[in-house]
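Here's a quick briefing to read with the model open in your viewer. Have a look at the fold, then follow the notes below.

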Amino acid sequence: MSDLTPGDTAPAVSLPRDGGDIVNLTDFAGQNVVLYFYPRDDTSGCTKEAIGFTQSAADFAAANAIILGVSKDSVKKHDKFVAKHDLGVALLSDEDGDVCERYGVWKEKSMYGKTYMGIERATFLIGADGKIARIWRKVKVPGHVEDVLDAARGL
């Protein structure tokens with residue numbers, strides 16, 4: 001389902017996270033959820049984004065929002081990424097790409113004239129009712145955490 005729009009019910013998520021626990025979107029019923037998809041652990045943009053969300057985690061918590069990052073990296077890679085940068089957000093491992101497909105972020109991308117499949121950096125703000133409140137696609141990292149926080153505060 002790649003044509004998600006605000007107002008749609010958020011597709012189910014049940015994935016292993018850093019540390020090995022399973023996270024289900026339904027675990028956060030009654031809370032707002034920031035579900036952000038990113039291409040790869042420990043690359044410059046992804047690191048800046050994860051650190052930005054970590055630094056603002058308390059502000060998101062005050063807005064009744066939990067932050068979940070998703071990539072196709074393994075739990076083991078997530079554990080290393082979290083430890084290296086002292087991250088304070090849950091990182092979910094979607095190794096088979098099922099959740100990426102359901103959220104429509106598995107896209108054809110191109111770099112240096114080569115095309116390949118990869119995760120489009122995107123963020124979904126899911127309201128306490130389980131419905132998508134806002135979608136950011138083709139995210140540019142600078143200023144993004146602040147934009148999402150403003151939107152979360154407005155829910």
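Let's start at one acidic side chain: Asp73 reaches the backbone nitrogen of Asp41 with its side chain, at 2.6 Å. Keep in mind that this is a predicted model. From Asp73 we'll move on to a buried arginine, the pockets, a few loop and helix residues, and the overall fold.

**Around Asp73**

- You'll find Asp73 in the loop that runs from strand S4 (65-71) to helix H3 (75-85).
- Is Asp73 buried or exposed? Its relative accessible area is 7%, and buried means under 20%, so Asp73 counts as buried.
- The Asp73 side chain also has a polar contact with another side chain, that of Lys77, at 3.1 Å.
- If you skip residues up to four places away in sequence, Asp73 touches Arg40, Asp41, His78, Ser93, Asp94 and Glu95. Asp41 is thus on the contact list of Asp73 as well as being the residue whose backbone nitrogen the Asp73 side chain reaches.
- For a distance to check in your viewer, the C-alpha atoms of Asp73 and Thr47 are 13 Å apart, with their positions 26 residues apart along the chain.

**Around Arg121**

- Arg121 sits in the loop between S7 and strand S8 (122-126).
- Arg121 has a relative accessible area of 14%, and the cut-off for buried is under 20%, so this arginine is buried too.
- Which side chain does the side chain of Arg121 make a polar contact with? That partner is Glu49, at 2.7 Å.
- Leaving out neighbours within four places in sequence, the contacts of Arg121 include Phe37, Tyr38, Pro39, Gly45 and Cys46. Glu49 is on that list as well, and so are Trp136, Arg137, Lys138, Val139 and Val141.

**The pockets**

- The largest pocket comes out at about 460 Å³.
- Of the 18 residues lining the largest pocket, Pro39, Arg40, Lys109, Tyr116 and Ile119 are the closest to its centre. Two of these names have come up already: Pro39 is in contact with Arg121, and Arg40 is touched by Asp73.
- Strand S6 (106-111) and strand S7 (114-119) are the elements that give two or more residues to the lining of the largest pocket. S7 gives the most, with four residues.
- By residue type, the lining of the largest pocket splits into eight nonpolar, two polar and eight charged residues.
- The second largest pocket has a volume of about 170 Å³.
- Its lining has 17 residues, and Leu25, Thr26, Ala29, Ile126 and Gly130 lie nearest the centre of the second largest pocket.
- The lining of the second largest pocket consists of ten nonpolar, six polar and one charged residue.

**Loop and helix residues to look at**

- Most residues other than glycine have a negative phi. Asp42 isn't a glycine, yet has a positive phi of about 65 degrees.
- Asp42 is placed in the loop between strand S3 (32-37) and helix H1 (44-55), and counts as partly exposed at 36% relative accessibility.
- Asn64 also has a positive phi, about 60 degrees, without being a glycine.
- Asn64 lies in the loop between helix H2 (57-62) and S4. Its relative accessibility is 34%, which puts Asn64 in the partly exposed class.
- Lys80 belongs to helix H3. With a relative accessible area of 58%, Lys80 is exposed.
- The C-alpha atoms of Lys80 and Asp41 are 8.9 Å apart, although the two residues are separated by 39 residues along the chain.

**The overall fold**

- How many helices and strands are there in the protein? It has five helices and nine strands.
- In sequence order the pattern reads β-β-β-α-α-β-α-β-α-β-β-β-β-α.
- The radius of gyration is 14 Å, close to the 15 Å the globule rule gives for 155 residues, so the protein is as compact as a globular protein of that length.
- The C-alpha trace spans about 40 × 35 × 30 Å along its principal axes.
- Buried residues account for 47% of the 155 residues.
- Taking contacts between residues at least 6 apart in sequence, 64% join residues at least 24 apart.

Key
Residues numbered from 1 in each chain as written. Predicted model: local features only at pLDDT ≥ 70, side-chain atom pairs only at ≥ 80, totals over all residues. Heavy atoms only, no water. 1 Å grid on protein atoms, 1.4 Å probe; cavity = no way out; pocket = protein on both sides within 12 Å on 5 of 7 lines; lining within 4 Å. Points joined across faces, edges and corners; volume = space filled by probe spheres on them. Nonpolar A, V, L, I, M, F, W, Y, C, P; charged D, E, K, R; others polar. Buried < 20%, exposed > 50% of the residue type's maximum accessible area, 1.4 Å probe, protein only. Contact = heavy atoms within 4.5 Å. Polar contact = N/O pair within 3.5 Å; in protein donor to acceptor, adjacent residues only side chain to side chain. Rg over C-alpha atoms; globule rule 2.2 N^0.38 Å.
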